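This report covers charged pairs, a surface patch and one residue in a strand. The structure is shown first.

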Amino acid sequence: NDFDPSNDRTFWGVSGRGELNVGDLTLTSVTGYRDSKWKTVTDLDITSAPLSIFSFFEKSHQFSQELQVAGDIGAAKFIVGGYYFNEKITGGSKIPLDAALVFGPPSQFVQGYWAQGTFNTDALAGFGQLDYALSDQFSLTLGARYSWERKKLNDFVQFDLFTPYPPEATDPNAIYQEVNARIAQRQHALAL
C-alpha cells in the first residue's frame, strides 16, 4: 500500500435511574444515551500506486426514556408505563477518482463515487401488567403492550467522472444542490 490504513472507532454512553416512593406507589425513570463514531480510510487498489482511496464513516446517536408507576392494591400488584426511543444514524463512503491523486499531489477529492445516507428511528410504547394473587400458591397475570415505530431513510449516491463535489460535506442535500448548480452553469455557458 502507498499508505497505512486507519480505523478509528469511539463508543460511549450514559444511563440514569431514579425512583420516588409516594405512598404505596413507586415512580421510576430510566434514561439512556449512547453515541458512536467510526471512520476508516484504506488504499482501495492495494498497491503502491496512488490510484484510489476508500473511506467510510458512520455516526450514531441514541436516546431512550422510560417512565413507570408500580404499586399494590390489596391482592393485586400492577405496573404501567411508557417508553420513548430515538436513533439517528448517518453513514457514507467515498472513492475519489481525482487525476491530481495520480499525476500530482493530492489537493482535493474531485471526481468519483460518493454515497451517504441518514436513517432515523422514532418509537413509542405503552405497557401495563397486573398480577392478582388467587391464593398463596396461584396468581393470575395479565399484561399488554402497544408499540409504534417510524423509520425514515434519506440516501444520496453520486458516481461522476467530471463534476467536482465537496470532499467533507455531510449533508446530502448540499451535495445535490452543488451538482445541480454546476450543471446549470454548464448549460448556461453552452447557451452563450
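## Salt bridges

In this predicted model, the side chains of arginine 150 and aspartate 122 form a salt bridge, with an N to O distance of 3.6 Å. The pair joins distant parts of the chain: arginine 150 lies in strand β6 and aspartate 122 in strand β5, 28 residues apart. Arginine 150 has a relative accessible area of 40% and is partly exposed, whereas aspartate 122 counts as buried at 15%.

The whole structure holds three salt bridges. Another one pairs lysine 151 with glutamate 149 at 3.1 Å, N to O; lysine 151 is partly exposed, at 47% relative accessible area. Arginine 17 and glutamate 19 also meet through their side chains, at 3.0 Å, N to O, and both of these residues are exposed.

## Nonpolar surface patch

Leu130, Tyr132, Leu134, Phe138, Leu140 and Leu142 make up a nonpolar patch on the surface, and together they have about 620 Å² of accessible area. Strands β5 (112-133) and β6 (139-160) each contribute at least two residues to the patch.

Phenylalanine 138 sits in the loop between β5 and β6. Its relative accessibility is 56%, so phenylalanine 138 counts as exposed.

## Serine 93

Serine 93 belongs to strand β4, which covers residues 76-96. With a relative accessible area of 13%, serine 93 is buried.

Apart from neighbours within four places in sequence, the contacts of serine 93 are Phe54, Ser55, Phe56, Tyr113, Trp114 and Ala115.

Methods. Residues numbered from 1 in each chain as written. Predicted model: local features only at pLDDT ≥ 70, side-chain atom pairs only at ≥ 80, totals over all residues. Heavy atoms only, no water. Patch = residues over 30% accessible without salt bridge, like charges linked within 9 Å, V, L, I, M, F, W, Y side chains within 5 Å. Areas by Shrake-Rupley, 256 points an atom, 1.4 Å probe, with all protein chains shown as cover. Salt bridge = Lys/Arg side-chain N within 4 Å of Asp/Glu carboxyl O. Helix = DSSP H or I, 4+ residues; strand = E, 2+ residues; numbered from the N terminus. Buried < 20%, exposed > 50% of the residue type's maximum accessible area, 1.4 Å probe, protein only. Contact = heavy atoms within 4.5 Å.
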